[in-house]
Amino acid sequence: MAFLLVEKGNSEDLGKVFPLPRNTVIIGRTARGNRPDIAINDDYISRRHAEICYREGDFLLHDLGSTNKTSLDGVVVEPNKSYTLVNDVVIGLGITLSGPRVVLRFKESDETKKSVAVPAIVYSNSGAVPWLNIDEGKQEILVDEMPVPLSKKEYFLILLLYRKAGRVCSRDEIIAAVWPDVQDGSIISTAAIDQLVHRLRQKVEPDPARPSRIISKKAFGYMLV
C-alpha cells in the first residue's frame, strides 16, 4: 500500500500516517463546511491545497492553485500539472522563505513501488558529489568535510544543484527553488541569479576564478559536478 507520513507540521499532525486509496484524495485545511480527505492543521495550507490521484498504476500529485504552493523535493510545482510520485519523495506544503510549513513523505510498500523511477522530478543520486555533504534537517553543508556558512538563498541554490547533481538546472528551476514566494519569476533578473551563483562559488570552489564544481551551461543554466 501507499501512504503519506507527516514529517513536519503542527504538533497535532506530526507523525500521522495517511493511507492512500487507489482513487483521488484531497489534501487541505479543515474549515467550516470543508473537510478534506487528508486534513492538515496549518493556516498556510489552503482548504483545497492539492490532490493525489491514482491513474494507470501511478500516484499523481496536482497542486490545486493553492495560495502558498506545493513542492516536490524542494522544487515548487506548477498548479494543475501532474507529477508522478515515487517512493520516498518529499511533498512540501505552504512554502515560505525558510522552507515548507508542512512536509509529507510519500511511501510505497515493496509490493506497490515501481521497479523503475522515471519522472523528471526525481533527482539524480547526490552521492555523485564526493566533496559535498548536506544535512537537510539542520540546513548545514560540509565542503571538503569542513562546515561552510551560507545565506538562505545560497543554501536553497546548492540544495537544488545537489539534488540534481550531474544535470543542468534551468534558471526557471533556480527561481522556483530560491525565490518560492515570487509569483512572477520574470522579475528575477539573470544578473540576480548570476550574482547568487558567484557568491556561492566564492564559498565552495577551490579556485572561484576557475569554477570546477558549479559549471555554467550557456543559455541553459548551471550544473553541480
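Mentor: A pocket here is an open set of points on a 1 Å grid over the protein atoms alone, with protein on both sides within 12 Å along at least five of seven lines; lining residues have an atom within 4 Å of a point. The model is predicted, so local features need pLDDT of at least 70 and side-chain atom pairs 80 or more, while totals for chains, interfaces and linings use all residues. Residues are numbered from 1 along each chain, and side-chain values use heavy atoms, without hydrogens and water.

Trainee: What volume does the second largest pocket have?

Mentor: About 550 Å³, as the space filled by probe spheres set on points joined across faces, edges and corners. Its lining has 26 residues, with Pro 100, Glu 136, Gln 139, Leu 159 and Arg 163 nearest the centre. H1 gives the most, five residues.

Trainee: Why is the length of H3 said to agree with a helix?

Mentor: Helices are DSSP runs (H or I, at least four residues; strands are E, at least two). The expected span is 1.5 Å times one less than the number of residues. For the 15 residues of H3 (190–204) that gives 21 Å, and the end C-alpha atoms are 21 Å apart, so the two agree.

Trainee: Which residues of H3 are buried, and what makes them one face?

Mentor: Ile 193, Leu 196, Val 197, Leu 200, Arg 201 and Val 204 are buried (under 20% relative accessible area, 1.4 Å probe, protein chains only). They fall within an arc of 140° seen down the axis, so they line one face; the arc uses directions from the axis to the C-beta atoms.

Trainee: What covers them?

Mentor: Among the elements in contact (heavy atoms within 4.5 Å) are H1 (152–163), H2 (171–178) and strand E13 (140–143). In H2, Ile 174, Ile 175, Ala 177 and Val 178 are buried, and they pack against elements including H1 and H3.

Definitions and conventions: Buried means under 20% relative accessible area, exposed over 50%, partly exposed in between (1.4 Å probe, protein chains only). On a 1 Å grid over the protein atoms alone, a cavity is a set of points where a 1.4 Å probe fits but cannot get out, and a pocket is an open set with protein on both sides within 12 Å along at least five of seven lines; lining residues have an atom within 4 Å of a point.
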